[in-house]
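Hi,

Here is the structure I promised to pass on. Have a look at it first, and then read my notes underneath.

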Amino acid sequence: SGLLSDIKTLEQVTLQRLVKLQQQLLATGMSGKSVNNYMSLLRKLWKNKEYNPFQNLSPMEHTKTIRQCFPIESFKEYGNHIYQHKYFLLPYIAITTGMRTGEFKTAEPVIIHNRLYLQINGTKTENAVRRVPITSKVADAFLHYKSNGFAKAAWKESVYMAGSLVGYDKEYVDKHNIVFHSFRKMYKTILESNNINNLWIEYFMGHSILQSSDVNKLYFNPLAADDSLIYEQVLKALEFLS
């Protein structure tokens, strides 16, 4: 993990560092359960070793935290402000693509049939590999993000910055438990409220649509389908962001 990139040997990892790592993962929007799963993978590195910093590490609470979102209408014309501060870019990209934080690094704009998409190469499952319709403005914003360095704190800081821009202070963000992952939820909500076909929404979100007894899902193949109509529908749904 990049969060442990300065660690050279297993012996350098302390209990205090693991606790800090848990908090950093939570700040990215991961649930307590997901953090515990992540830590379980790391724990295997210390299997059968005398030194084990995990021995006294308390797991995160498993109760599902309700993460809320900003009111979507408050982001009307948000795209007109994205170059006023570099942290305004990240929420704009997330709301217009539905990407997870871990997917930003390897995604790339592509042109297929004279239409512009963001190819998202996924990090969770094979279903997370997908391409979503984007405008040239979103592509430019993404390339600008890729060419500029962002600190690890950028994800959370961008939430506060975006909230401040649209009229919500840090206290509101914390009280309503709004995290960077909330922008991904906003993307899904925007598509749903514009009556985008649910099968396409699940595909754009990188969710599994094939592991189902539902015949419609079982035979849905987004890469083989003519997506010209859905492409226009998605861009129109996101148009109010500018």
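Below is what I found, starting with the sheet and moving on to the cores and two backbone oddities. Keep in mind that this is a predicted model.

**The sheet**

There is an open sheet of 3 strands, ordered E1-E2-E3, and the pairing is antiparallel. Strand E1 (108-112) and E3 sit at the edges, each pairing on one side only. Ignoring direction, neighbouring strands are turned against each other by 40 degrees on average.

Going through the pairs, E1 and E2 are joined by 5 bridges, while 4 bridges link E2 to E3. Leu118 is a handy landmark here: in E2 it stands opposite Pro109, and it also stands opposite Val132 in E3.

E3 may be an edge strand, but both of its faces are covered. Arg130 and Val132 are buried on one side, and Arg131 and Pro133 are buried on the other. Do take a look at those two arginines when you have the model open.

**The cores**

The largest nonpolar core holds 56 residues, and the ones touching the most other members are Phe75, Phe104, Phe183 and Phe204. Several elements give two or more residues to this core: helices H3 (89-97), H4 (136-146), H5 (154-165), H7 (181-193), H8 (198-205) and H10 (228-237), along with strand E2 (115-120).

If you want one residue to start from, try Phe183. Leaving out residues up to four places away in sequence, Phe183 touches Phe70, Phe75, Pro91, Ala94, Ile95, Val159 and Ala162. Apart from the largest core lies another one, of 12 residues, including Leu4, Leu21, Trp46 and Phe54.

**Two positive phi values**

Most residues other than glycine have a negative phi. So which non-glycine residue has a phi of about 60 degrees? That is Asn195, which is in the loop between H7 and H8. With a relative accessibility of 69%, over the 50% cut-off, Asn195 counts as exposed.

Glu77 is another case, with a positive phi near 65 degrees. You will find Glu77 in the loop between helix H2 (32-43) and H3. Is Glu77 buried, partly exposed or exposed? Its relative accessibility is 41%, so Glu77 counts as partly exposed.

Over to you, and shout if anything is unclear.

Cheers

Key
Residues are numbered from 1 along each chain as its sequence is written. This is a predicted model: local features need pLDDT of at least 70, side-chain atom pairs count only at pLDDT 80 or more; totals for chains, interfaces and linings use all residues. Side-chain values use heavy atoms; hydrogens and water are left out. A nonpolar core is a set of buried Ala, Val, Leu, Ile, Met, Phe, Trp, Tyr and Cys residues joined through side-chain atoms within 4.5 Å. Buried means under 20% relative accessible area, exposed over 50%, partly exposed in between (1.4 Å probe, protein chains only). Contact means heavy atoms within 4.5 Å. Two strands pair if DSSP finds at least two bridges between them. Axes are lines fitted to C-alpha atoms, for helices over the stretch in contact, and angles run from 0 to 180 degrees between N-to-C directions.
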